[in-house]
Amino acid sequence: MTITGAVAGPTASGKSALALALAERVGGEIVSVDSMQLYRGLDLGCAKPTAAEQQRVPHHLLDVYDLSEKGDIYRFLTLADAARLDIERRGRIPILCGGTGFYLKALLRGLDELPGDETLRRQLETEYARPEDLPRLRARLAELDPGGLARAGNCRRRLLRLLEVRLLTGHSLLTLQQGPRALRFPVRVWLLDWPPEQLRRRIAERTRRMLAAGWIEEARTAIAAGLLTTPTAHQALGYRLIGDFLAGKFSRPELEERIITATAQFARRQRTWFRHQHPEAVVLPMAELNFRTVVRELADQLLRDQDSAGA
């Protein structure tokens with residue numbers, strides 16, 4: 001039996017670096033749990049592992065979709081399970097890594113069996129298809145399911161699912177969801193946590209590096225290819241703001257600050273999700289820890305787990 005490792009946390013918390021070092025130390029391969037890294041062409045903006053990093057350790061679930069394809073949790077689960085099992089069959093250790101909390105929870109614990117209706121879903125997706133429809137969608141949920149609205153943030157997919165369940169059942173999705181399910185496979189989950197002010201500084205530093213490395217040109221190309229009208233990939237953080245900058249709506253310094261603020265807000269929602277939705281995770285207070293020591297200790301723990309499982 002193989003024990004999987006999982007490195008989770010908000011954006012800019014250092015997940016990729018830790019997962020890479022951990023995988024090198026234990027003979028592992030990384031499975032991305034990031035809904036936007038699945039898309040080709042969104043490299044800098046989605047902090048995708050570089051070609052050099054992918055040469056150091058095999059990565060899975062990167063560059064799977066074209067921008068025009070619609071991603072969903074069901075396809076992700078199929079791909080992630082296949083990658084994890086293939087890694088195990090080859091005698092390697094899967095290391096899950098990513099900040100898309102809903103995807104990670106579904107992979108670890110499965111999806112709740114909740115009601116759905118394809119016809120209603122298509123109607124709602126059509127009614128609220130444009131980005132400018134988002135305030136109207138939120139206003140409707142504010143009347144029907146304010147508790148769900150508070151938890152969903154601005155994620156259009158989650159908002160539509162909340163509305164679908166409410167219209168079908170008359171109840172909030174939150175009241176219908178079951179408690180935590182058993183883990184689907186043996187796994188050690190580590191949650192990287194930073195004080196908010198330090199995480200914002202890390203976000204600011206990373207944003208500046210990404211912009212200096214060519215993110216604006218990458219975004220220009222993706223937008224020209226139709227990114228902002230795609231069914232799913234348009235949600236990638238920062239690209240719409242760069243589109244507004246390219247249209248002359250604000251200055252380069254203001255673009256940088258807007259991206260930093262939007263990313264910090266997103267990270268805050270991620271931290272809330274992980275605290276409430278992943279009781280299995282061991283929290284790593286990164287500001288208090290030495291990176292090399294953490295890698296060594298986590299690797300030793302994961303290797304001991306493999307020995308115990310094989311005994």
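Contact here means heavy atoms within 4.5 Å, and on that basis L42 touches M36, K48, L67, E218, A222, L227, A233, A236 and Y239, leaving aside residues up to four places away in sequence. The model is predicted, so local features need pLDDT of at least 70 and side-chain atom pairs count only at pLDDT 80 or more, while totals for chains, interfaces and linings use all residues. Residues are numbered from 1 along each chain as its sequence is written, and side-chain values use heavy atoms, with hydrogens and water left out.

**Nonpolar cores**

- The largest nonpolar core (buried Ala, Val, Leu, Ile, Met, Phe, Trp, Tyr and Cys residues joined through side-chain atoms within 4.5 Å, where buried means under 20% relative accessible area with a 1.4 Å probe, protein chains only) has 47 residues, and those with the most contacts inside it are L42, F76, L96, L107, Y239 and L255.
- Among the elements that give two or more residues to this core are β1 (4-8), α4 (101-109) and α13 (252-277), whereas α3 gives the most, with 6 residues; helices (H or I, at least four residues) and strands (E, at least two) are DSSP runs numbered from the N terminus.
- A second, separate core of 31 residues includes I3, L20, I93 and A299.

**Packing of α1 and α14**

- Helix α1 (residues 15-26) and helix α14 (residues 291-310) pack at an angle of about 50°, with their axes 9 Å apart, the axes being lines fitted to C-alpha atoms over the stretch in contact and angles running from 0 to 180 degrees between N-to-C directions.
- The contact is made by residues including A17, L18 and A21 of α1 and F291, V294 and V295 of α14.

Conventions:
Buried means under 20% relative accessible area, exposed over 50%, partly exposed in between (1.4 Å probe, protein chains only).
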